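Here are some short exercises to work through with the model open beside you. Try each task on your own before you read the solution.

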Amino acid sequence: MRFALSFLTALLVGVSVASAQEPATGVSPGPDELFVDRVVAVVGDSAIFYYDLLEELYTLQAQGVVLPEDADERLALEREVLDALVVRTLILRAAQQDTLATVSEDRIEAEFQLAWEQEVQSFGGEAQLQSALATTGRTVAQHRDARRREIQEGLLQQRYVQLRRQEIRVPPVEEAEIRAYIEEEADRIGTRPATVELRQVVLLPEPSDSARAAAREEAERILALVRGGEEFTDLARRFSDDAGTAQRGGEIGWVRQGERIPELEEAMFRMQRGGVSDVVETIFGAHLLRVERVRGPERLVYHILVAADLTEEDLSRARMRAGEIRDSVAAGASILDFEGRGDEVGIPNQIALALDQLSTLPAPYALPLRSSSAGDVVGPLEFTWQGQPVVVVAEVTAVREAGAFTFEELRGQVRDIISQQRFQERLVERLMAETHVETRW
């Protein structure tokens, strides 16, 4: 069994250090018999200590994993954890040396603040967290520093792996391999939960002309501040209505063509590095864009959104249109004949949902689907998604009881898993060949 020790451990599951470089042999004593500051592995000029391994074990324990008491099982787990630490260190060293693998401080700080708030909340407050940390000998300040470093390193490694995925090619996966994987992993794959499958049309209420004009006027005012020398990132934090990026100074991230709505892409890929766009209008409001870096087909983009305020009349028009679509589909029209804009807010046109996961979705969307049957047309379903009001009409195409997965249901996902594993193995093999790795077990 493999344990997700971190982003990279989960990413590189199944990749063994031993497959690329033979470790030294020996017997691992228990924690009471070994000095915790003993070096258990060397990766380039980085050392991994036994206390690093113990910290990973404590993390597993905190996540609910019961550590084995049997000496042989404990040894096997420790070796697996050490393999994961070596792989993580390999990736981190490579990422730190790659000048293209960068993550902005704004992104790191935003991710850290979100993670920290969630962790404190999970303990019921900072006082409770401090009490829990007392048993480990770590202060809250030390724990904050460690968590921030983990997030920084994780984001850096993630970016490095994304870059390498573009250059390391792996052979295509044959259907026989997919079938063999499914047979070997049948116990882990388990059974399919009860699901509902549907096609849907997602409508975005459109703001009035006066609301658009007001948004544009405010964006023009902010643009004047940018051109007057004020920092784009500071202005994004102060004025952007995109809550998801404002706290990161407006950072959207690296963007390729085909990933954003046309109006934004046209501006993003017309600008050179350091350029700031004129006001760009979309259904969401008025945008300002800044291209921070250019790398081949990619752009590192920051933006400021001034939202166009929606009125009740705007929402009513979307509800009325949704009602017309619902009635047409119920009368026999194909829902595929109607266009939606779900791609602009990340809602797919076709989707399969596990019934036991519906509770994680907005109630106005989930509740009608929970009691639906194949052939039902439901809507208008109105809710807020990523800060944007949406109105949905959905046609239920199938409701499946829990049972064994079919090969067709698994084929695509398993193909992706095998392909990713091959990439992971090749990446680690490449880094192993370039780096001195020694395990002292």
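Strands, as the word is used here, are DSSP runs of E with at least two residues, numbered from the N terminus. With that in hand, T282 can be placed: it belongs to strand β5, residues 280-282. Keep in mind throughout that this is a predicted model.

**Warm-up: the whole chain**

Task: Find how many helices and strands the protein chain has, and what percentage of its residues count as buried.

Solution. Start with the secondary structure, which comes to 15 helices and 11 strands. Next, turn to burial: 43% of the 441 residues count as buried. Finally, look at contacts between residues at least 6 apart in sequence; 71% of these join residues at least 24 apart.

**Exercise 1: T282 in its surroundings**

Task: Decide whether T282 is buried or exposed, and find which side chain its own side chain meets in a polar contact.

Solution. Step one is the accessibility. T282 has a relative accessibility of 3%, and the cut-off for buried is under 20%, so T282 counts as buried. Step two is the side chain, which makes a polar contact of 2.7 Å with the side chain of H287. Step three is the wider set of neighbours: beyond four places in sequence, T282 is in contact with R212, I261, E263, L264 and H287.

**Exercise 2: a sheet of 3 strands**

Task: Work out the strand order of the open sheet that contains β1, and say which strands stand at its edges.

Solution. First read the order, β2-β1-β11, with antiparallel pairing. The edges then follow: β2 (46-49) and β11 (437-439) each have a single partner strand, so one side of each lacks a neighbour in the sheet. On average, neighbouring strands here are turned by 20° against each other, direction ignored.

Now zoom in on one pair. Strand β1 (residues 39-43) is joined to β11 by 3 bridges, and V43 sits opposite V437 of β11. To finish, add the helix: α3 (residues 71-97) lies across β1, β2 and β11, at about 35° to β1.

Just ahead of β11 is T435, in the loop between α15 (407-434) and that strand. Its relative accessible area is 13%, which means T435 is buried. A polar atom of the T435 side chain lies 2.9 Å from the backbone oxygen of L431.

**Exercise 3: two helices that pack**

Task: Describe how α4 and α5 pack, giving the angle and the distance between their axes.

Solution. Begin with the geometry: helix α4 (residues 105-123) meets helix α5 (residues 126-134) at about 80°, and the axes are 7 Å apart. That angle makes α4 roughly perpendicular to α5. Then list the residues in contact: α4 brings W116, E119, V120 and F123, while α5 brings E126, Q128, L129 and A132. Sorted by class, the contact has 5 nonpolar, 1 polar and 2 charged residues.

**Exercise 4: a sheet of 4 strands**

Task: Give the strand order of the open sheet that contains β3, and find the bridge partner of E197 in β8.

Solution. The order is β8-β3-β10-β9, and the pairing is antiparallel. At the edges are β8 (350-354) and β9 (377-385), each pairing on one side only. Neighbouring strands in this sheet are turned by 40° against each other on average, direction ignored.

Within the sheet, 5 bridges join β3 (residues 195-203) to β8, and there E197 has A352 as its bridge partner. Helix α14 (residues 363-370) lies across β3, β8, β9 and β10 (388-400), running at about 155° to β9.

**Exercise 5: Q247 and the strand after its loop**

Task: Say where Q247 is found, which residues it touches, and why β4 is described as largely enclosed.

Solution. Q247 is in the loop between α11 (243-246) and β4 (251-256). Its relative accessibility is 47%, so Q247 counts as partly exposed. Not counting residues up to four places away in sequence, Q247 touches D106, A110 and R237. R107 is 140 residues from Q247 along the chain, yet their C-alpha atoms are separated by 8.4 Å.

For β4, count the buried residues: 5 of its 6 are buried, so the strand is largely enclosed by the rest of the structure. Last comes its partner: β4 pairs with strand β7 (residues 298-307) in the antiparallel sense over 5 bridges, with R256 opposite E298 of β7.

Key. Residues are numbered from 1 along each chain as its sequence is written. This is a predicted model: local features need pLDDT of at least 70, side-chain atom pairs count only at pLDDT 80 or more; totals for chains, interfaces and linings use all residues. Side-chain values use heavy atoms; hydrogens and water are left out. Two strands pair if DSSP finds at least two bridges between them. Axes are lines fitted to C-alpha atoms, for helices over the stretch in contact, and angles run from 0 to 180 degrees between N-to-C directions. Contact means heavy atoms within 4.5 Å. Angles under 35 degrees count as roughly parallel, over 145 as roughly antiparallel, 65 to 115 as roughly perpendicular and the rest as oblique. Ala, Val, Leu, Ile, Met, Phe, Trp, Tyr, Cys and Pro count as nonpolar, Asp, Glu, Lys and Arg as charged, and the others, Gly among them, as polar. Buried means under 20% relative accessible area, exposed over 50%, partly exposed in between (1.4 Å probe, protein chains only). A polar contact is a pair of N or O atoms within 3.5 Å; within protein, one must be able to donate a hydrogen and the other to accept it, and residues adjacent in sequence count only if both atoms are side-chain atoms.
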